[in-house]
Amino acid sequence: MAVAGAVLRQNLPGNMDLCGKTGKGVPEFHVLAVDDSIVDRKVIEKLLRSLSCKVTVVDSGSRALQFLGLDGENSSVGFDALKVNLIMTDYSMPGMTGYELLKKIKGSSAFREIPVVIMSSERILARINRCLEEGAEEFLSKPVKFSDVERLTRYLLRGEADEVSEFGKRKLPKNCDLEVSSPSSPSSPSSPSPSSSSSSDDSSSSSCSYSRSSSPLPKRCKSV
Amino acid sequence: MDVVQLKRQLIAFTELLYREGFLDEQFNQLQQLQDENNPNFVAEVVTLFFEDAERILNELANNLDQQSVDFKKVDAHVHQLKGSSSSIGAQRIQRVCIIFRTVCNEKNVEGCLKCLQQLKHEYALMKSKLETLFNLEQQILAAGGPPSI
């Protein structure tokens with residue numbers, strides 16, 4: 001892992017290029033983003049592109065399944081779809097919810113290993129639990145910030161499952177993960193934990209995420 | 001007006017928008033994402049938001065005009081608007097949406113109509129402020145200044 005870390009660091013120019021560019025020995029990180037909101041699609045796409053990820057954005061769960069070849073109509077999986085490294089989906093969508101999409105993905109032998117992250121503006125504990133239990137990698141609060149996506153892609157890039165849970169065990173989920181990392185801030189081995197505190201107030205704009213790797217059940221802490 | 005004065009105006013105006021709660025940290029997030037490759041990113045997102053918001057406000061007016069109001073539909077629309085306003089940092093609009101959802105839950109038509117009025121009002125305000133903001137940026141660009149705040 002130290003070697004991999006060194007390779008990654010070598011490939012990182014001064015700006016945040018976490019997902020790597022082809023031709024430097026680090027494969028492109030392909031993210032499939034699913035959101036029914038046109039505004040959110042634009043924002044998440046830009047967030048991911050700014051980290052040099054390859055991005056495919058779709059507006060519904062059924063389109064996501066179509067893209068992956070899981071819709072039952074198209075038996076052959078597209079070349080593009082085979083190389084999806086991460087799926088980020090909104091929870092509340094008309095038709096198929098993010099949770100239903102998650103279940104379909106985890107129920108497929110071809111795609112169940114792909115990490116799925118759920119995004120939602122509502123922090124309903126039962127909902128979060130349900131998603132994590134169904135195999136979601138993480139539950140991100142909306143509005144999604146650059147630091148959320150940067151942290152996510154960073155640990156997934158590094159991430160064997162062992163290493164992820166190593167990170168999780170070391171962290172104390174006490175403080176609010178409110179900092180917005182600027183593009184020039186260096187990465188450190190002890191980057192912020194996936195789990196952070198949240199306020200129960202709906203109007204709070206604090207960043208909050210819940211992760212399977214940090215604890216079996218998410219802890220709901222009060223913000224400072 | 002020279003570039004320096006314009007920039008001062010822009011900074012002061014932006015600070016005012018944050019102070020008065022028109023904008024929150026999320027707007028700053030969007031600005032940080034803007035770069036030479038995507039110099040109009042913020043304006044593009046905001047334009048998408050305006051179009052989306054106007055569509056939703058019209059739908060809401062329709063929903064609430066029905067003999068028998070479908071509160072689920074109303075809630076769904078308000079939820080959408082809450083989401084997109086929070087994604088661009090339109091804090092005041094987001095807050096009205098939160099109240100709107102509570103009122104909608106109580107199946108209070110009068111209350112919903114009041115919230116809709118307030119939403120329209122906040123939206124109009126927001127639109128005008130952001131247009132002023134972008135206008136200032138354009139003036140700075142035209143006067144030869146660097147594009148970013």
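**Figure 1. The chain B–chain A interface in this predicted model.** Putting chain B and chain A together buries about 2000 Å², and carbon and sulfur atoms give 59% of that area. Buried area here is the accessible area (1.4 Å probe) that two parts lose on being put together, summed over both. Three residues, B:Gln29, B:Leu33 and B:Leu48, supply 26% of what chain B buries against chain A, more than any other three residues. Counting heads, chain B brings 24 residues to the contact and chain A brings 21 residues, where contact means heavy atoms within 4.5 Å. As ground rules, this is a predicted model in which local features need pLDDT of at least 70 and side-chain atom pairs count only at pLDDT 80 or more, while totals for chains, interfaces and linings use all residues. Residues are numbered from 1 along each chain as its sequence is written, chains are lettered from A and ligands numbered from 1 in the order in which they are written, and side-chain values use heavy atoms, with hydrogens and water left out.

**Figure 2. Polar links across the interface, with A:Lys42 and B:Glu44 picked out.** Between chain B and chain A there are three salt bridges, each a side-chain nitrogen of Lys or Arg within 4 Å of a carboxyl oxygen of Asp or Glu. One of them joins A:Lys42 to B:Glu44, with the closest N and O atoms 2.6 Å apart. The two chains also share six residue pairs in polar contact, both partners at pLDDT 80 or more. (A polar contact is a pair of N or O atoms within 3.5 Å; within protein, one must be able to donate a hydrogen and the other to accept it, and residues adjacent in sequence count only if both atoms are side-chain atoms.) On the chain B side, the elements giving two or more residues are helix H2 (25–33), H3, H4 and helix H5 (91–105). H4(B) has the largest share, at eight residues. Helices (H or I, at least four residues) and strands (E, at least two) are DSSP runs, numbered from the N terminus.

**Figure 3. B:His79 and its neighbours in helix H4 of chain B.** Helix H4 covers residues 71–88. A UniProt record (unreviewed entry) places "modified residue: Phosphohistidine" at B:His79; the position is in the numbering used here, the feature name is shortened, and such annotations may be inferred rather than shown by experiment. Is B:His79 buried or exposed? With a relative accessible area of 16%, B:His79 is buried: the cut-offs are under 20% for buried, over 50% for exposed and partly exposed in between (1.4 Å probe, protein chains only). Setting aside residues up to four places away in sequence, B:His79 touches A:Ser92, A:Ser121, A:Glu122 and B:Arg101.

**Figure 4. The largest nonpolar core, seen around A:Met88.** A nonpolar core is a set of buried Ala, Val, Leu, Ile, Met, Phe, Trp, Tyr and Cys residues joined through side-chain atoms within 4.5 Å. The largest has 67 residues, and A:Met88, B:Phe49 and B:Phe100 have the most contacts inside it. H3(B) gives this core its largest share, 12 residues. Leaving out neighbours within four places in sequence, the residues in contact with A:Met88 include A:Val31, A:Ile44, A:Leu48, A:Met119 and A:Leu152. There's a second, separate core of 25 residues, with A:Val58, A:Met93, A:Val116 and A:Phe139 among them.

**Figure 5. B:Glu122 inside helix H6 of chain B.** B:Glu122 is part of helix H6, residues 109–142, and is buried at 7% relative accessible area. What does its side chain pair with? The side chain of B:Arg92 makes a polar contact of 3.0 Å with that of B:Glu122. Beyond four places in sequence, B:Glu122 also touches B:Phe22, B:Ile93 and B:Val96.

**Figure 6. Backbone oddities in the loops, including A:Pro143.** Most residues other than glycine have a negative phi, and most peptide bonds are trans. A:Lys142 and A:Pro143 are joined by a cis peptide bond, with omega about 0°; A:Pro143 lies in the loop between strand S5 (138–141) and helix H7 (146–158) of chain A. A:Ser52 has a positive phi, near 60°, in the loop between helix H2 (38–50) and strand S2 (54–58) of chain A, and is buried at 16%. B:Lys107 has a positive phi near 55°; B:Lys107 is in the loop between H5 and H6 of chain B and is exposed at 56% relative accessibility.
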